[in-house]
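Hi,

Here is the structure I promised to pass on. Have a look at it first, and my notes follow underneath.

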Amino acid sequence: MTLSLGLTSVVHATEGVALSSQESASRRLEIVAPFDIKGADPLLSGILFQRMQVVETLVDVDAKGELRPGLATDWTVTDDGLEWRFTMRADVHFHDGSLLTAEVARQALEIARGKPGLLKSVPVEEILAQDDASTGKATLVIHLSEPFAALPAYLADYRQQILAPSAYDDSGTALAVIGTGPYRMMSMSPPLSLEVAAFVDYWGEQPDIRRARYQAVSRAEGRALMTESGDADFTYSLDPASRQRLRDSPRVSLASAPTPRTLLLKVNANHAAFNSSDVRRALSLAIDRTAIAQVVLRYPEGASQLFPPMIEGWHNAALPALHQDVIKARELLEADGWQVGEDGIRHKGDQRLAVTLITFSDRPELPLVATVLERQFHAIGIATRLDITNFSAIPAGHHDGSLELALFARNLALVPDPIGTLLSDYAGTVEAPGGDWGAMGWHDVDFSAELARMAREGHAASDNGRDPRREASRVLQDALPVIPIAWYYQNLAISNRLESAQVDPWERSFGLSDLRWAP
């Protein structure tokens, strides 16, 4: 897959006298973002440790979304697709001084396989370590019970980060973050802060920024105030009001970049109303995506389908665009038996069409969009109660069946190959369809089988031009197990004390090792 939009760069002053090495070493970069630190284990906050460049994976991703070497320098697969061989990078040390070997990587992946996550679904038969002490050559060998072409992309996922053996307790729970990245953990105070310092024995280039602190600040206005006062150098996830407020600030520059993340509405298809695809379509037709995008989010456009254009192959330009048509939405509801009552809300028999929409404020735009959706659904006779709560209420409601509607932004390329997200979100069994952040109560046997085939055999377009990725997008557009609203943009404020700042569209890194102090 190719990411069609590259990095957005913000370059400040380039002339002047560089800081002395002593000045550079003593300065600390301040990063502010809304994400709490939940603990040392990769399952809890591994994505944050990856963004802070403390941990690394066997396979990495470049700015265009292509796989590239990480802790493995190369990899091969046999013709039958059952044996993968990963050559381990030599002379790599963990932050505790221990050496990376194939056996250490094997142990880390075995621990990851034993926990909830994508690797658990890969048909791994065994993982073998081949460490040759005489030559120093190390190879990790993964045997599969059936081919799985997406394996390298799965190994780039943050949950497959390689930690030192001393990071884990006897049960395999990570109690410390001891990785191989250009920065090592100095201190961590969940849920609010952590501090890192440059790792002098890093196998790659030494970073210019030697110290950095991450602070979790949940409220968007709080992050904006810290930016405005100079207490934050790198502010992540700005809301529209904060962007407007900081636009004329002499302290910062603003940066924005599209990401492979879509703002969407998760719909419980087990609900008495939403088990009808026509009612789900009525919900979709009630949404004015253009107004939400341009007025609320200050984005150029809403989402016409699940995958944004930047995810080439999966975005299907031939699909009819999702749009607003309130009259058609009302017709669909009435045809399904939902009639407007005296209170303006629709009823079918004794059932009133009143639902709860769950969302959370970690991403500041979500409550704003939820408020607009409440009004737009009311216009077609659906009463919507908003529940602004913790994000964990969404997977909890998915599992106990209580969730009706949920609003969130889903990263469709958490695994660089979106087939990983599709498998976890929209495949499964009749008894357990979909995932926490995907379909609920919706299951298509043929679609699940096709996703499994694509993960196993690959998904390149055939000689006759048939592209299974575009067909998968069409199935989701027709059934609407989730309803896309807007394609996501990541918005940041970057201090003028910095130069060479970049927005990583894949959200894998804050780019610390590429930053420099401005002269």
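Below is what I found, going from the whole chain to its nonpolar cores.

Please keep in mind that this is a predicted model. The protein chain folds into 14 helices and 23 strands. Its C-alpha atoms fit a box of roughly 80 × 60 × 45 Å along the principal axes. The radius of gyration is 24 Å, which agrees with a compact globule, because a chain of 519 residues packed that way would come out near 24 Å. Among contacts with a separation of 6 or more, 70% link residues 24 or more positions apart.

On the surface side, the chain exposes about 20,900 Å², with 49% of that supplied by carbon and sulfur atoms. There are 48 positive and 68 negative charges, and their mean positions lie 5 Å apart.

As for the inside, 54% of the 519 residues count as buried. In soluble globular proteins, nonpolar side chains tend to be buried together. Here the largest nonpolar core has 147 residues, and the members touching the most others are Met52, Leu58, Ile142 and Tyr214. Strand β20 (residues 482–495) is the biggest contributor to this core, giving seven residues. A second, separate core holds five residues, including Leu238, Leu246, Val252 and Ala493.

If you want one residue to start from, try Ile142. Beyond its neighbours within four places in sequence, Ile142 is in contact with residues that include Leu82, Trp84, Phe86, Leu109, Val124, Ile127, Leu151 and Leu155. Glu83 and Glu126 are also among the contacts of Ile142.

Best wishes

Methods: Residues are numbered from 1 along each chain as its sequence is written. Side-chain values use heavy atoms; hydrogens and water are left out. Helices (H or I, at least four residues) and strands (E, at least two) are DSSP runs, numbered from the N terminus. The radius of gyration is taken over C-alpha atoms; the globule rule is 2.2 Å times the number of residues to the power 0.38. Buried means under 20% relative accessible area, exposed over 50%, partly exposed in between (1.4 Å probe, protein chains only). Contact means heavy atoms within 4.5 Å. Accessible areas come from the Shrake-Rupley method with a 1.4 Å probe; for residues, only the protein chains shown count as cover. Lys and Arg count as positive and Asp and Glu as negative; His and the chain ends are not counted. The place of a charge is taken as NZ of Lys, CZ of Arg, CG of Asp or CD of Glu. A nonpolar core is a set of buried Ala, Val, Leu, Ile, Met, Phe, Trp, Tyr and Cys residues joined through side-chain atoms within 4.5 Å.
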